[in-house]
Amino acid sequence: MGDRIDLLVHNIGRLVTMQGGSGPRTGEEMTRVGEIRQGAIAVADGKIFAVGEEAEVRAQIAGMPVLRELDARGNLVTPGLIDSHTHLVHGGSREHELDLKLKGVSYLEILAGGGGILSTVRSTREATEQQLYAKAKRSLDTMLLYGATTVEAKSGYGLTLADELKQLQVTRSLNESHPVELVSTFMGAHAVPVEYKDRADEYVELVVNVMLPEVKRQGLAEFCDVFCEHGVFTVEQSRKILTAAKELGFGIKLHADEIEPMGGAQLAGELGCISAEHLLAATDEGFAAMQRAGTVAVCLPATSFNLRLKTHARARRMIELGVPVAISTDYNPGSSPTESIQLVMTLGCLNLGLTPEEVITAVTINAAHAIGKADTVGSLEVGKQADLVIFNAENLAYLPYHFGINHVNTVVKKGNLVVSEGNLVYEAGK
Ligand code: NIG
Ligand code: FE
């Protein structure tokens with residue numbers, strides 16, 4: 001590094017760097033986005049070589065050959081967006097549930113009736129690895145077009161060892177061939193499969209004794225997640241799975257207190273989860289436990305919107321109590337069938353009450369912390385990966401304000417141009 005510049009992005013009207021601080025941002029820190037006027041970024045070997053005011057960056061690279069230049073035309077540039085919670089790989093879709101939803105049947109009622117997650121489990125079991133790959137790749141392309149350069153992906157629609165491994169293998173193959181970087185999470189405890197109906201404890205044993213060790217042996221996931229909810233997995237079952245996962249060396253996450261206040265947030269804090277998700281029904285005691293442990297709250301406002309819930313996660317209270325907040329699509333075929341992180345940014349603003357600055361923090365540096373990747377992504381700093389987005393927008397507030405459309409013009413991942421003028425331009429195989 002240091003003899004040439006591979007890429008110089010210049011004429012950046014507003015450059016949101018997210019620089020400053022080390023841990024996940026909390027409280028007031030969530031509003032500090034490290035914005036630079038008239039900025040530039042110089043990239044070498046896929047990493048950021050220099051970033052700052054254009055005049056300073058040009059001075060730093062004076063005399064070095066520049067292989068490619070990108071003119072941001074006075075627009076906004078941010079770090080590559082990070083979707084920290086998705087159920088990317090799955091078979092089928094569930095538009096047939098829309099009618100039930102309009103009739104007022106709830107998400108948990110649909111699940112209890114063998115639909116919901118269990119319907120997607122059937123489709124996923126029936127699908128071949130190739131079919132799952134093709135479908136997930138289309139979604140990943142859409143995510144990239146909308147500015148996501150790093151995406152977490154959970155299993156949990158197989159619910160047998162073989163079908164969970166099949167999903168995780170697809171995630172691994174996509175990570176090897178697609179420019180979007182994937183972070184894999186094993187979520188065998190996403191629902192109790194029909195074969196184990198009324199025998200949830202036995203299924204928990206299978207997850208703990210068979211699935212977790214095999215996923216670990218094959219190195220197919222970094223994290224383990226559990227759906228802790230009434231009618232799904234109890235706090236005790238969740239504790240058992242996550243404790244076993246932690247002992248095996250997995251990072252741990254928890255779908256907590258989405259619909260009923262079960263004490264999931266407390267459990268996440270107590271066990272030292274890297275993140276706790278949903279949290280609509282979480283109490284202040286739960287937030288306090290998360291704050292003590294530094295657990296990132298991953299709020300999923302597209303899910304509450306799509307489930308037609310009347311309440312939202314209390315993101316403002318979390319911020320008040322010092323809990324770091326991230327937001328994410330929760331992309332999945334049931335509760336949140338959208339790949340658009342930009343829609344989530346609007347909902348984060350309008351439904352969770354986050355400011356545009358807090359929103360961008362929640363989809364960059366705090367999202368990076370939620371998936372253990374803050375040392376390489378989530379901010380534009382010297383030495384970090386050159387993952388960035390040029391928007392067709394002049395400032396941050398414009399993104400959540402002008403909603404429901406795609407503002408992305410250009411995406412750079414690890415220094416490579418992967419979206420140009422709103423179109424995919426990456427070469428297959430990275
Ligand atoms: O995070 N809450 C549990 N799991 C997913 C939904 C999965 C589905 O409905 O297929 C979620 O919302
Ligand atoms: Fe989820």
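How do the residues of the lining of the largest cavity divide into nonpolar, polar and charged? I opened the notebook with this point, working on a predicted model.

**Entry 1: the cavity.** I searched for enclosed space and found one cavity of 30 Å³ or more in the structure. I noted about 100 Å³ of space in the largest cavity. I then listed its lining, which comprises 14 residues. Those that lie nearest the centre are His87, Tyr107, His190, Asn332 and Ser335. To settle the opening question, I sorted the lining by class and obtained four nonpolar, seven polar and three charged residues.

**Entry 2: the occupant.** I next looked up what takes this space, and I recorded that the largest cavity is the space taken by ligand 1. I counted 15 residues around ligand 1. The closest of these are Tyr107, Tyr157, His190, Asp330 and Ser335. By class, I entered four nonpolar, eight polar and three charged residues for the shell around ligand 1.

**Entry 3: polar contacts.** Which side chains place an N or O atom by an oxygen atom of ligand 1? I found such an atom of Ser335 at 2.6 Å from a ligand oxygen. For His278, I noted a distance of 2.8 Å between a side-chain N or O atom and an oxygen atom of ligand 1. I also entered His87, with a polar side-chain atom 3.3 Å from an oxygen atom of the ligand.

**Entry 4: burial.** Lastly, I checked the exposed area of the ligand. I recorded 330 Å² for ligand 1 taken alone, and the protein buries 100% of that area.

Conventions:
Residues numbered from 1 in each chain as written. Chains lettered and ligands numbered in written order. Predicted model: local features only at pLDDT ≥ 70, side-chain atom pairs only at ≥ 80, totals over all residues. Heavy atoms only, no water. 1 Å grid on protein atoms, 1.4 Å probe; cavity = no way out; pocket = protein on both sides within 12 Å on 5 of 7 lines; lining within 4 Å. Points joined across faces, edges and corners; volume = space filled by probe spheres on them. Nonpolar A, V, L, I, M, F, W, Y, C, P; charged D, E, K, R; others polar. Near = heavy atom within 4 Å. Polar contact = N/O pair within 3.5 Å; in protein donor to acceptor, adjacent residues only side chain to side chain. Areas by Shrake-Rupley, 256 points an atom, 1.4 Å probe, with all protein chains shown as cover. Sits in = over half its atoms within 2 Å of the grid points.
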